[in-house]
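Biologist: Hello! I am new to this one and would like to know how its labels are earned. Could you show it to me?

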Amino acid sequence: MVNAFQRSRVNLREIILQTDVTKIAENEKKLTERRTELDTYQEKLAQLLTTKDMQDAYNAFLKTRDTFGTYVEQVQALGKQNKNTEAVALLGSDAVYAAEQAEQSAILKLVELLDAEASSRASENQDLAQKAILTVVGALLIGVIIALFLALAISNMISKSMKKIIVAVDGSELSDKAL
């Protein structure tokens, strides 16, 4: 987002500085692409707002974007008319500089807030993953313990049954021998 903004500023200056009509047209196309790219970022940002601070920063960004966008259009129009002196004067004015800096600051503030939000979410996700791992390990251990007790109980039942059978067989052998 910051990159698109900076590149749009460069393209705007190139429109004024170039004398070749083809290069001016190329820079106008690039400027339009950068402004469209910023529009796309703006739409995506609107979906990511989760806090009041982010909403306030986004609203400030929209205001600065409108203000600077008006100056961009004016400078671009002067550049198209080959009124380079007027365009350079407007671009170098305090008002345009302030609008440019305000939009850049608004973009940086949004990026900072989004980065902080992403870090917070990453930390929450890591905590959640750790809890899930502990839960799975705990369930696995409980399952192993239950399996061991079941195995012991079943083997005990089989052993008791086998002992009864052995006792019964031994008893029948003794009675067979007595006969």
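Biologist: What makes the nonpolar surface patch of Ile142, Ile146, Leu150, Ile154, Met157, Ile158, Met162, Ile165, Ile166 and Val169 a patch?

Modeller: Patches are made of residues with over 30% relative accessible area and no salt bridge, with like charges joined within 9 Å and nonpolar side chains (Val, Leu, Ile, Met, Phe, Trp, Tyr) within 5 Å. This patch has about 950 Å², with areas from the Shrake-Rupley method, a 1.4 Å probe and only the protein chains shown as cover for residues. A word on the source: this is a predicted model, where local features need pLDDT of at least 70, side-chain atom pairs count only at pLDDT 80 or more, and totals for chains, interfaces and linings use all residues. Residues are numbered from 1 along each chain as its sequence is written, and side-chain values use heavy atoms, leaving out hydrogens and water.

Biologist: Why is Val169 called partly exposed?

Modeller: Buried means under 20% relative accessible area, exposed over 50%, and partly exposed in between (1.4 Å probe, protein chains only). Val169 has 38%, so it counts as partly exposed.

Biologist: Why is Glu100 called buried?

Modeller: Its relative accessible area is 3%, so Glu100 is buried. Leaving aside neighbours within four places in sequence, Glu100 is in contact (heavy atoms within 4.5 Å) with Phe5, Arg9, Arg13 and Phe68.

Biologist: What makes Tyr58 and Phe61 a tilted aromatic pair?

Modeller: Rings of Phe, Tyr and Trp (its six-membered ring) pair if their centres lie within 6.5 Å; planes under 30 degrees apart count as stacked, over 60 as edge-to-face and the rest as tilted. Tyr58 and Phe61 are 6.4 Å centre to centre with 45 degrees between the planes, which fits a tilted pair. Tyr58 is buried at 9% relative accessibility, and Phe61 is buried at 0%.

Biologist: How do you know that Glu103 and Arg65 form a salt bridge?

Modeller: A salt bridge is a side-chain nitrogen of Lys or Arg within 4 Å of a carboxyl oxygen of Asp or Glu. For Glu103 and Arg65, the closest N and O atoms are 3.7 Å apart, so the pair qualifies. This pair links distant parts of the chain, with Glu103 in helix α5 and Arg65 in helix α3, 38 residues apart; helices (H or I, at least four residues) and strands (E, at least two) are DSSP runs, numbered from the N terminus.

Biologist: Which residues are linked with these two in a network of salt bridges?

Modeller: Arg35 and Asp39 are linked with Arg65 and Glu103 in that network.
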